[in-house]
Amino acid sequence: MKDSEVNTLKEHIIKTASGLFIKYGYGKTTIRQIAESAGLGRGHLYYYFKKKEDILLYLYKELLEKIYGTIADRKIKENDIIANYIISQYIYTHAIATSEKVFRLYIEASNVRSIRKEYINILLNLFKEKLVGSNYNFSDKDLYMNIAIGCAGECELLNQYYEGTLDAELDDIIINVVKTRFAILDIHENIDLEKIIQEAKVLKDDMNLEKIIRDAVELNKFI
């Protein structure tokens, strides 16, 4: 099978699975349902995705890369890795909460330990890629601690926000998570965090987050 055909089939599986996750919920969707809805045998599906967690993580990675790409295209803080990281995380979390259906999917998936673990690894690898050639020299341990603690806090606070049990605005939650991640990195340079957050807000307001969600997650039919 040609590479173009492989990519087309993979996109078909992703779009099919996304629709089922949105319609029935991540937990209630089975790999058999995905295979049948995509018109494939389970063996054929397993060739591309061993389990449904892999499909969901693929969606998250697509979304993160789309956001990072959009920021790079705008040439915002082009040479400032930390600023790009802070801005990207701020906008990413807002993007997740932009669509009620995607937010529900995020909340459900964030309670699956294997997904949380791999999600952390995705963020870690993306950040490490951005650090190549920079003046920053964080250890893998420090980076992992930063992302793991940040994700844990983010998941818990967003769960409570989604359930309506937390008396806080979404923006306050995101800003506090961003500040926590920044503090864990223990950066001693003179970085104006408040200014970076304000720049993130301006960029977020200037971006079409709904379109980013649609383009990245292939959910045009379902959102």
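A residue counts as buried here when its relative accessible area is under 20%. Keep that cut-off in mind while looking around this predicted model.

Start with the cysteines. Cysteine 151, at 3%, falls on the buried side of that cut-off, and cysteine 155 is buried too, at 9%. A disulfide needs two cysteine sulfur atoms within 2.5 Å. The sulfurs of cysteine 155 and cysteine 151 sit 6.1 Å apart, so they are too far from each other for a bond. Searching the whole structure turns up zero disulfides.

| Cysteine | Relative accessible area | Nearest cysteine sulfur |
|---|---|---|
| Cysteine 151 | 3% | cysteine 155, 6.1 Å |
| Cysteine 155 | 9% | cysteine 151, 6.1 Å |

Next, the inside of the protein. The largest nonpolar core is made of 78 residues, and Ile13, Ile34, Leu56, Ile82, Tyr92 and Tyr106 have the most contacts within it. Helix H5 (residues 81-98) is the top contributor to this core, giving eleven residues. Take isoleucine 13 as an example: leaving aside residues up to four places away in sequence, it touches Ile34, Leu40, Leu45, Tyr48, Phe49 and Ile55.

Finally, have a look at helix H10, which covers residues 193-206. With 14 residues at 1.5 Å each, H10 should span 20 Å, and its end C-alpha atoms are indeed 20 Å apart. Its buried residues are Leu193, Ile196, Ile197, Ala200, Leu203 and Lys204. Viewed down the H10 axis, the buried residues fit within an arc of 120°, so they line one face of the helix. That fits a general pattern: an α-helix has 3.6 residues a turn, so residues three or four places apart point the same way. Over on the other side of H10, Val202, Asp205 and Asp206 are exposed.

Note on methods:
Residues are numbered from 1 along each chain as its sequence is written. This is a predicted model: local features need pLDDT of at least 70, side-chain atom pairs count only at pLDDT 80 or more; totals for chains, interfaces and linings use all residues. Side-chain values use heavy atoms; hydrogens and water are left out. Helices (H or I, at least four residues) and strands (E, at least two) are DSSP runs, numbered from the N terminus. The expected span of a helix is 1.5 Å times one less than its number of residues. Buried means under 20% relative accessible area, exposed over 50%, partly exposed in between (1.4 Å probe, protein chains only). The arc is that of the directions from the helix axis to the C-beta atoms. A nonpolar core is a set of buried Ala, Val, Leu, Ile, Met, Phe, Trp, Tyr and Cys residues joined through side-chain atoms within 4.5 Å. Contact means heavy atoms within 4.5 Å.
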